[in-house]
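Student: Hi! I have a structure open and I'm new to it. Could you walk me through it?

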Amino acid sequence: MHFLYNIALYIYYAFLSLISPFNKRARQFTQGRRGLIKNLQSKDSSGQWIWFHCASLGEFEQARPLIESIKSQRTNCKVLLTFYSPSGYEVRRDYKQADLVTYLPFDTPKNAQTFIQLFDIKLAGFVKYEFWLNYLTELNERHIPVISVSSIFRKHQLFFRPFGGFYRGFLKRFNYLMVQDQASVELLKSIGITNVSLTSDTRFDRVYQLAKNPKSINQVQEFKGSQSVIVFGSVWPSDMRIIAPILDDLMSLELRVIIAPHQIEASFLNEVIQSLSNPYQLHSNMVTDRDSQSILIIDSIGLLSSIYQYANIAYVGGAFNGTLHNILEPSTYGIPVLFGDHPTNQKFKEATDLCELGGAKPIKSSQQLLDEIELLMQNTSIMQKRGNVCRNYVEENTGATDKIMELISAYL
């Protein structure tokens with residue numbers, strides 16, 4: 001089966017190369033890894049390393065509190081940070097807390113062997129859903145401890161199917177799995193994996209700390225003035241299809257509107273802007289006159305988590321594309337959260353939890369979105385109640401970083 005796994009991956013990598021001239025994402029995947037091993041061999045790899053591997057930005061936010069704790073507590077260790085996806089690497093390639101940030105070379109036996117022997121790795125942490133067999137095998141053969149961080153499991157996954165023996169072998173290569181919920185603990189125990197600890201999700205610690213010391217953004221404060229604000233964060237064109245039709249109605253509610261597209265590259269940003277029929281201004285060249293436009297488009301990266309502090313209501317995008325973005329960032333400020341209604345929301349524990357608790361609500365249409373916003377604007381007690389649910393949920397789930405750091409220390 002390991003042989004078939006490798007054959008399947010070689011076919012997949014060949015397919016990416018074949019379509020890369022016509023597909024930007026595939027092109028980034030392949031070009032970013034071209035000559036990668038040779039480039040890494042030219043880097044300074046001396047010292048002892050702790051390696052964290054993330055798929056993309058969401059997983060990076062889960063690794064980030066751990067990286068920063070390690071850098072403050074273990075100054076003798078270097079941090080190696082790898083990404084699978086361009087959307088993670090391209091945004092965080094200059095992350096200063098890591099000593100080296102790079103793409104993960106494709107998961108072939110040769111790449112895994114060459115990559116790992118470049119560094120004196122004392123511990124490897126794979127975040128959430130990352131399970132690369134050749135890397136895990138090589139780490140095991142070199143007796144390097146490997147842990148899974150903030151992972152979460154569901155009964156429909158291949159690991160738990162009657163024919164999933166090969167995939168269960170991936171999990172058995174981890175020294176320890178640190179999971180987000182009790183259901184994951186029970187699922188793993190059902191297949192004989194007991195080296196498991198319930199530690200919750202490190203993102204709770206990250207957003208909680210951000211809310212305690214938020215970065216002031218004077219231009220946004222000026223734009224807000226004394227009015228209420230709704231922030232549409234990390235939105236895609238699919239989100240704008242239900243947002244744009246109600247913007248006139250939001251203006252009539254005397255709401256200031258802030259729209260933060262998921263990406264700020266020209267083609268993506270323009271697609272979001274073209275869906276608007278209302279006057280707007282860009283954050284990069286906004287004027288200080290609050291009465292000029294009531295819609296502010298954020299065309300800068302790294303601001304959204306702080307912008308939520310100015311919001312009364314938040315809508316978080318991505319769900320209609322099957323990837324709901326971080327709803328904990330607005331929740332920690334104690335504001336009600338809305339997002340698109342999509343079956344894939346079930347894989348985001350915080351989304352299902354907050355819906356059950358009453359702090360968040362999924363939205364199917366423009367009319368439902370408008371109805372919810374009107375309800376919250378006209379009934380401040382409901383708005384406050386939902387917001388308190390969100391804030392309390394974050395506060396009650398903090399502490400994962402300390403738990404994981406304690407386990408990491410045992411291996412170091």
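Tutor: Happy to; we can talk about rings, a pocket, a sheet and some cavities.

Student: What should I know before we start?

Tutor: This is a predicted model, where local features need pLDDT of at least 70 and side-chain atom pairs count only at pLDDT 80 or more, while totals for chains, interfaces and linings use all residues. Residues are numbered from 1 along each chain as its sequence is written, and side-chain values use heavy atoms, with hydrogens and water left out.

Student: Cool. How many aromatic pairs does the structure hold?

Tutor: There are 28 aromatic pairs. Rings of Phe, Tyr and Trp (its six-membered ring) pair if their centres lie within 6.5 Å; planes under 30 degrees apart count as stacked, over 60 as edge-to-face and the rest as tilted. Tyr13 and Phe106 make a stacked pair, 4.0 Å centre to centre with 25° between the planes.

Student: Where do Tyr13 and Phe106 sit in the chain?

Tutor: They link distant parts of the chain, 93 residues apart: Tyr13 is in helix H1 (residues 2-19), and Phe106 is in the loop between strand E3 (100-103) and helix H6 (109-117). For those labels, helices (H or I, at least four residues) and strands (E, at least two) are DSSP runs, numbered from the N terminus.

Student: Is Tyr13 buried or exposed?

Tutor: Tyr13 is buried, at 8% relative accessible area, and Phe106 counts as buried too, at 14%. Buried means under 20% relative accessible area, exposed over 50%, and partly exposed in between (1.4 Å probe, protein chains only).

Student: What lies over the face of Phe106?

Tutor: Arg33 does, at 4.6 Å from the ring centre. A charge sits over a ring if NZ of Lys or CZ of Arg is within 6 Å of the ring centre and within 35 degrees of the ring normal. Arg256 lies over the face of Phe223, also at 4.6 Å from the ring centre.

Student: Which residues do ring pairs link into a cluster?

Tutor: The cluster takes in Trp49, Trp51, Phe115, Phe119, Phe126, Phe131, Tyr135, Phe153, Phe159, Phe160 and Phe174. Two of its members, Phe131 and Phe159, are buried, with relative accessible areas of 13% and 8%.

Student: Switching to hollows: how big is the second largest pocket?

Tutor: Its volume is about 240 Å³. On a 1 Å grid over the protein atoms alone, a cavity is a set of points where a 1.4 Å probe fits but cannot get out, and a pocket is an open set with protein on both sides within 12 Å along at least five of seven lines; lining residues have an atom within 4 Å of a point. Grid points are joined across faces, edges and corners, and a volume is the space filled by probe spheres set on the points.

Student: And which residues line the second largest pocket?

Tutor: Among them are Met1, Leu4, Tyr5, Phe131, Phe159 and Phe170. H1 and H8 are the elements that give two or more residues to this lining, and H8 gives the most, with three. The lining divides into 10 nonpolar, one polar and one charged. Ala, Val, Leu, Ile, Met, Phe, Trp, Tyr, Cys and Pro count as nonpolar, Asp, Glu, Lys and Arg as charged, and the others, Gly among them, as polar.

Student: How many cavities of 30 Å³ or more are there?

Tutor: Two. The largest cavity has a volume of about 50 Å³, and its lining includes Gln180, Ser200, Asp201 and Tyr393. By class, that lining has two nonpolar, three polar and four charged residues.

Student: What about the second largest cavity?

Tutor: That one is about 30 Å³. Tyr13, Arg33 and Phe106 are among the residues that line it, and the lining has six nonpolar, no polar and two charged residues.

Student: Back to Ser200: what is its phi?

Tutor: Phi of Ser200 is near 70°, a positive value in a residue other than glycine. Ser200 lies in the loop between strand E7 (196-198) and helix H10 (203-212).

Student: Last topic: in what order do the seven strands of the open sheet run?

Tutor: The order is E10-E11-E9-E8-E12-E13-E14, with parallel pairing. Two strands pair if DSSP finds at least two bridges between them. The edge strands, E10 (281-282) and E14 (360-363), each pair on one side only. Strand E8 (residues 228-235) and strand E9 (residues 255-261) pair over seven bridges.
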